[in-house]
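Colleague: I am new to this structure. Please give me a close look at one part, the network of charged side chains, and then follow the chain outward from there.

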Amino acid sequence: MLLIATLGFGLVVSGCDSGGTSPDSNNLGDVSGAITGQVIDNATSNPIEGAKVVVAVGSLDTDGKSFSATTGSEGRFAITDLPATTADDGSNTGEDPSAKYGIRVETPDGSAYRDAYRGQVELAYGNNETGAVELGANITFPLQKNNGSLSGQLKAEDSGGNVTGPLRNTELRASQTISAGFNPEEDATSGTLTVTATTTTDGQGSFTFENLVVGDSTTLYARFNDGSETEIVSEQPIPDEGSAASVEASVSPPALTATLDPAPETDFGTTEPEWTLTFNRPVAGVTTDDVEDALSINESNITTKAVDGSGNVELDVSATTTEGGAIESVSWSVAQPLSDGIDFEVGYGGLFGQIVGAQYGVNVTEVNPSSASSSPLSYSIGANTNAPATPSVSFQPSALDDDGELTAGSFNYNDVTVTALLQVDEVDNSDAEVKGYEVFYSSQYIREDRSEPGTQFQQLGGITSVSNAEFGNGRLTLSRSTPSPSRDFRAFPFAAEDGSYGDVQFTVRAVSINNERSAFSDTLTIADNDSLTVNKGNTEYTSDDTDGNPVELTVEFDEPVDESTVAADQFSLDNAGSGGLTIESVAEVNNTKISTPTGPGNATGEVVLEISGSSSTTSDDVLTVNAEGVTDLAGNPVDVEGGANEDDSL
């Protein structure tokens with residue numbers, strides 16, 4: 001038990017002052033002091049026999065003279081003939097003499113009570129009936145038992161709340177805050193005392209605390225090697241008879257991670273690569289033999305190598321361990337040199353599934369940034385450290401028309417995704433051997449959010465390997481799409497959240513087997529190339545002769561329109577009924593934004609025309625829209641129905 005504060009318990013002090021005059025401060029030989037009192041059980045008030053009460057002049061922490069007495073069957077004690085001095089140890093005299101004493105209680109051998117209660121008491125001047133001057137105090141010490149216990153069994157759980165096994169070899173801290181009746185700085189006042197105890201769970205997660213103070217509750221914590229603590233149980237009662245209820249709980253320790261050096265995707269400058277896997281705390285469950293059996297290096301292009309019976313590269317494996325045999329790090333290297341200029345993979349089989357935290361019993365959750373359950377880790381060896389040649393990139397022929405342009409109608413403002421049929425015209429290894437390509441794109445929402453030059457492109461996926469890519473006529477095919485439409489407005493590549501329009505751009509760079517990057521290729525641009533269409537079913541004629549408002553004709557398009565191209569002379573009416581209608585002006589243009597962030601929600605353009613005249617049979621009226629006049633935000637004209645007319649009639 002560690003005493004955090006040095007306070008006594010429940011000391012009740014009463015002076016012996018019975019009146020009289022002050023003694024002569026020059027005649028202190030007539031002044032004596034006495035401390036009397038009783039030591040009792042805090043819970044039952046029963047007397048405690050055989051307790052030793054010790055007082056020392058000034059303080060227990062100084063070399064002042066000490067005095068003591070042992071309690072009898074009634075728990076009472078008396079310490080008399082205590083001197084009153086003017087020494088520097090805390091005793092003092094004046095016109096009204098007094099003396100200060102440090103005081104403690106030592107409980108009998110084999111007692112269940114706490115001892116070493118300490119504080120300071122001041123004896124004040126008094127005058128008894130005989131006329132002798134004396135200093136005195138009467139103190140009651142209520143002692144508490146410390147024979148309480150707390151035990152239980154703890155389990156470890158991962159970040160998902162799944163129990164992974166016992167919470168092994170984990171330090172626990174029990175904290176009790178108990179009431180105290182004696183303060184070392186003041187006489188006979190109440191206070192508190194915090195006491196703690198520590199223990200460690202065993203291999204099954206079991207633990208026991210002994211010598212806890214009975215009658216006071218305990219809070220239990222698990223303490224981890226990263227300095228953090230987790231509360232397990234709060235205010236657990238410690239009964240006077242028997243043991244406290246067993247604690248059964250699950251605890252989520254800090255994650256067990258591993259750092260692999262060098263990291264995946266690294267190129268070695270030697271044909272004899274070495275690796276070190278370091279854990280953030282010692283692990284158990286595996287040996288160096290397990291590690292050696294699990295690790296493998298597989299690549300058909302490795303020609304100069306020594307292999308084992310399974311065709312794997314032979315490895316030399318070593319480990320650093322704790323005194324208890326837990327592994328802190330594992331290192332391995334190839335027994336024979338590998339080939340130069342190759343890509344290869346390091347496999348680890350079920351290794352990480354066997355490893356558990358020696359302290360806490362939680363499996364590895366992360367190796368570098370890669371998941372412990374991910375595919376084998378990629379590396380390369382190459383002597384050439386030059387940057388690879390800048391790739392030449394174009395659109396695949398299947399995406400182009402006879403004029404070599406992207407086929408009209410391929411892309412529209414309201415598209416949810418864009419697939420770019422790109423190709424690298426040839427794999428150029430003239431500067432350095434290429435192992436793959438990285439594709440970057442820029443769309444309207446990226447340019448809206450990122451104003452700094454060089455930040456307006458975002459990578460799509462990782463490295464597309466040359467060896468795994470689809471080739472046709474010597475060309476590399478790269479296919480990418482924009483983010484899922486279930487995310488937000490960014491799923492619509494041509495539209496920003498405010499409804500503005502922009503094209504989508506792509507650029508590609510090569511990555512060598514040494515992980516060197518080339519310069520970016522020329523930018524390829526994909527734009528909205530789908531013509532504007534009139535939504536005929538939503539074109540509406542409104543005649544309101546009752547309130548005198550102008551007659552209106554609303555024309556709806558399948559996407560927002562360029563307001564600068566909208567004018568009254570771009571529309572005409574041919575009235576086949578009685579009377580006549582004439583377009584006077586454009587009342588307003590209403591462009592809507594893409595309205596559904598979780599899925600397709602097409603934006604439209606709406607033109608409201610003011611017209612004059614009247615018609616009794618508006619179903620015979622014909623609206624004509626100039627196909628070369630009104631355009632969408634990308635400049636695409638109105639789709640001419642059938643492709644033969646110069647206008648689109650409704």
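**The charged network and its surroundings**

Modeller: Arginine 173 counts as buried, with a relative accessibility of 17%. Buried here stands for under 20% relative accessible area, exposed for over 50%, and partly exposed for what lies in between, with a 1.4 Å probe and protein chains only. The model is predicted: local features need pLDDT of at least 70 and side-chain atom pairs count only at pLDDT 80 or more, while totals for chains, interfaces and linings use all residues. Residues are numbered from 1 along each chain as its sequence is written, and side-chain values use heavy atoms, with hydrogens and water left out.

The side chain of arginine 173 meets that of glutamate 229 in a salt bridge, 2.9 Å from N to O. This pair links distant parts of the chain, since arginine 173 belongs to strand 12 and glutamate 229 to strand 16 (residues 229–236), 56 residues apart. A salt bridge is a side-chain nitrogen of Lys or Arg within 4 Å of a carboxyl oxygen of Asp or Glu. Strands (E, at least two residues) and helices (H or I, at least four) are DSSP runs, numbered from the N terminus. Glutamate 229 is partly exposed, at a relative accessible area of 34%.

A second bridge starts from glutamate 171, whose partner is arginine 223; their closest N and O atoms are 3.4 Å apart. Glutamate 171 lies in strand 12 (residues 171–180) and arginine 223 in strand 15 (residues 218–223), so this pair ties together parts 52 residues apart in sequence. Both ends are partly exposed: glutamate 171 has a relative accessible area of 34%, and arginine 223 has 31%.

Arginine 223 also forms a salt bridge with glutamate 229, with 3.0 Å between the closest N and O atoms. Through shared partners, the salt bridges join Glu171, Arg173, Arg223 and Glu229 into one network. In total, the structure holds six salt bridges.

Just before strand 12 comes a loop from strand 11 (163–166), and asparagine 169 sits in that loop. Asparagine 169 has a phi near 45°, a positive value in a residue other than glycine, and it is partly exposed at 38% relative accessibility. Asparagine 211, in strand 14 (residues 206–212), also has a positive phi, near 60°, and is not a glycine. The relative accessible area of asparagine 211 is 45%, which makes it partly exposed. Strand 14 also holds serine 206, partly exposed at 26% relative accessibility. The C-alpha atoms of serine 206 and valine 247 are 9.6 Å apart in space, and the two residues are 41 apart in sequence.

Further along, aspartate 261 and proline 262 are joined by a cis peptide bond, with omega about 0°. Proline 262 is in the loop between strand 18 (256–261) and strand 19 (267–268).

Strand 23 (residues 327–334) is mostly covered, as six of its eight residues are buried. Strand 20 (residues 274–284) runs antiparallel to strand 23, joined to it by six bridges, and threonine 276 stands opposite serine 331 of strand 23. Two strands pair if DSSP finds at least two bridges between them. Strand 22 pairs with strand 23 over seven bridges, also in the antiparallel sense. Leucine 315 has valine 334 of strand 23 as its bridge partner. Strands 22 and 23 form a hairpin with five residues between them, and glycine 325 in that turn has a positive phi of about 95°.

Charge comes up again at the surface, where Asp289, Glu292, Asp293, Glu314 and Asp316 form a negative patch. Patch residues have over 30% relative accessible area and no salt bridge, and like charges are joined within 9 Å. Three residues of the patch, its largest share, come from helix 1 (residues 288–294). Glutamate 314 instead lies in the loop between strand 21 (296–298) and strand 22 (315–321), and is partly exposed with a relative accessible area of 35%.

Technical notes
Patches are made of residues with over 30% relative accessible area and no salt bridge: like charges are joined within 9 Å, nonpolar side chains (Val, Leu, Ile, Met, Phe, Trp, Tyr) within 5 Å. Accessible areas come from the Shrake-Rupley method with a 1.4 Å probe; for residues, only the protein chains shown count as cover. Lys and Arg count as positive and Asp and Glu as negative; His and the chain ends are not counted. The place of a charge is taken as NZ of Lys, CZ of Arg, CG of Asp or CD of Glu.
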